[in-house]
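Please open the structure in your viewer and keep the selection panel at hand. The tour proceeds from the whole chain to its domains, then to the pockets and to two individual residues.

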Amino acid sequence: MTKLRIALVGAAGRMGQAIASVAASENAEIVAKSDLGDRITSADADVLIDFSSAAATEAVCDAAVKSSAALVIGTTGHSAKEKQAIETAAQKIPVVFASNFSIGVNALFSLTEQAAKILGENFDLEILETHHRLKKDAPSGTAKTLAEILQRARNAEKLRHGREGMIGEREKSEIGIHSVRGGDVVGDHTVIFAGQGERVELTHRASSRETFARGALRAAQWVIGKSPGLYDMHDVLGL
Ligand code: NAD
């Protein structure tokens, strides 16, 4: 099998370094690296992998489209305009955009959908996420994906980001989302289904960034040669 040629954006960051450290064992080589202040280039790479900041997304999309490289985006915290740039790029090149590249979290996504359907309207829904103190966006992209899954399963529930003061009783239709920040936590997510006299909690805990890095490289191998379009880990894993 020929080696996958990767251009890495956010190369100096935690995820950039995790990808560089596992690339060789996944039959991939990094042929270009860029970080804050550098011109983003995909050189002659097959695929551009981005784990940087949402502010870089438009430049990342431009670089990939210009060189007809495939694109894998792991960055989170995008505005509507930045998301639109990803959708526009996906009309010209194949793009995998996933809030979480771990297989375990993608299993959590499926289990969450199933549990919401089984448990029904009488269970209150809350999402709790914990990350290291240096994380910049909140709630996490994964927590947002979990909220979207619950909203779809329960027909457009309202999101409540934290609670404070005399806010009154919990509304039946709301989904609470809470972000905890501290230390070096790689990423924990819990979905709580709280009913009368019982509670179901689904939890995923990541203990190493390697799981995201290997998932992103798997997505990069998968996306080469695909038709232009916007894909996610569901597509990559064939779920
Ligand atoms: P980090 O802060 O350690 O690294 C980000 C790197 O990007 C830094 O080196 C920074 O200098 C660089 N950068 C910032 N702005 C840039 C720009 N405009 N152009 C080029 N480089 C730029 O962060 P991290 O923990 O590696 O996470 C990076 C992103 O990936 C975050 O959005 C995070 O939420 C996301 N993430 C996603 C997954 C996933 O599975 N999808 C997993 C972990 C982290």
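A residue counts as buried when its relative accessible area is under 20%, as exposed when that area is over 50%, and as partly exposed in between. On this basis, 47% of the 239 residues of the protein are buried. The model is a predicted one.

**The whole chain**

Select the whole protein and display it as a cartoon. Seven helices and 11 strands should appear. The radius of gyration is 19 Å, close to the 18 Å that the globule rule gives for 239 residues, so the protein is as compact as a globular protein of that length. Aligned on its principal axes, the C-alpha trace spans about 60 × 35 × 35 Å. If contacts are drawn between residues at least 6 apart in sequence, 68% of them join residues at least 24 apart.

**The two domains**

Next, colour residues 4-101 together with 209-237 as domain 1, and residues 103-206 as domain 2, following the domain assignment. The centres of the two domains, taken over C-alpha atoms, are separated by 27 Å. Their contact takes 12 residues from domain 1 and 15 residues from domain 2.

**The largest pocket**

Now select Arg14, Met15, Phe51, Ser52 and Thr75, which lie nearest the centre of the largest pocket among the 43 residues of its lining. This pocket holds about 1,000 Å³ of space. To see elements that contribute to the wall, highlight helix H1 (14-23), helix H5 (141-154), strand E9 (187-194) and strand E10 (199-206); each supplies at least two lining residues. With the two domain colours still on, note that domain 1 and domain 2 each provide at least three residues of the lining. Coloured by class, the lining of the largest pocket shows 16 nonpolar, 20 polar and seven charged residues.

**The second largest pocket**

Where does the second largest pocket lie with respect to domain 1 and domain 2? Both domains give residues to its lining, so this pocket lies between them. Its space amounts to about 640 Å³. To centre the view, select Phe97, Ser99, Thr145, Glu148 and Asp232, the closest to the pocket centre of the 26 residues that line it.

Then highlight helix H3 (80-89), helix H4 (103-119), H5, strand E11 (229-231) and helix H7 (233-237), each of which supplies at least two residues of this lining. Helix H5 gives the most, with six residues. The classes here divide into eight nonpolar, 11 polar and seven charged residues.

**Two residues to inspect**

Move to strand E6 (residues 124-131) and select Thr130 within it. Is Thr130 buried or exposed? Its relative accessibility is 19%, so Thr130 counts as buried, the limit for that class being under 20%. Show the atoms around Thr130: leaving aside neighbours within four places in sequence, this residue is in contact with Val180, Arg181, Val185, Gly187 and Asp188.

Finally, return to helix H4 and select Glu113. Glu113 has a relative accessible area of 34% and is therefore partly exposed. Add Leu159 to the selection and draw a C-alpha to C-alpha distance: the two residues are 17 Å apart in space and 46 residues apart in sequence.

Technical notes:
Residues numbered from 1 in each chain as written. Predicted model: local features only at pLDDT ≥ 70, side-chain atom pairs only at ≥ 80, totals over all residues. Heavy atoms only, no water. 1 Å grid on protein atoms, 1.4 Å probe; cavity = no way out; pocket = protein on both sides within 12 Å on 5 of 7 lines; lining within 4 Å. Points joined across faces, edges and corners; volume = space filled by probe spheres on them. Helix = DSSP H or I, 4+ residues; strand = E, 2+ residues; numbered from the N terminus. Nonpolar A, V, L, I, M, F, W, Y, C, P; charged D, E, K, R; others polar. Domains from an automatic or database assignment. Rg over C-alpha atoms; globule rule 2.2 N^0.38 Å. Buried < 20%, exposed > 50% of the residue type's maximum accessible area, 1.4 Å probe, protein only. Contact = heavy atoms within 4.5 Å.
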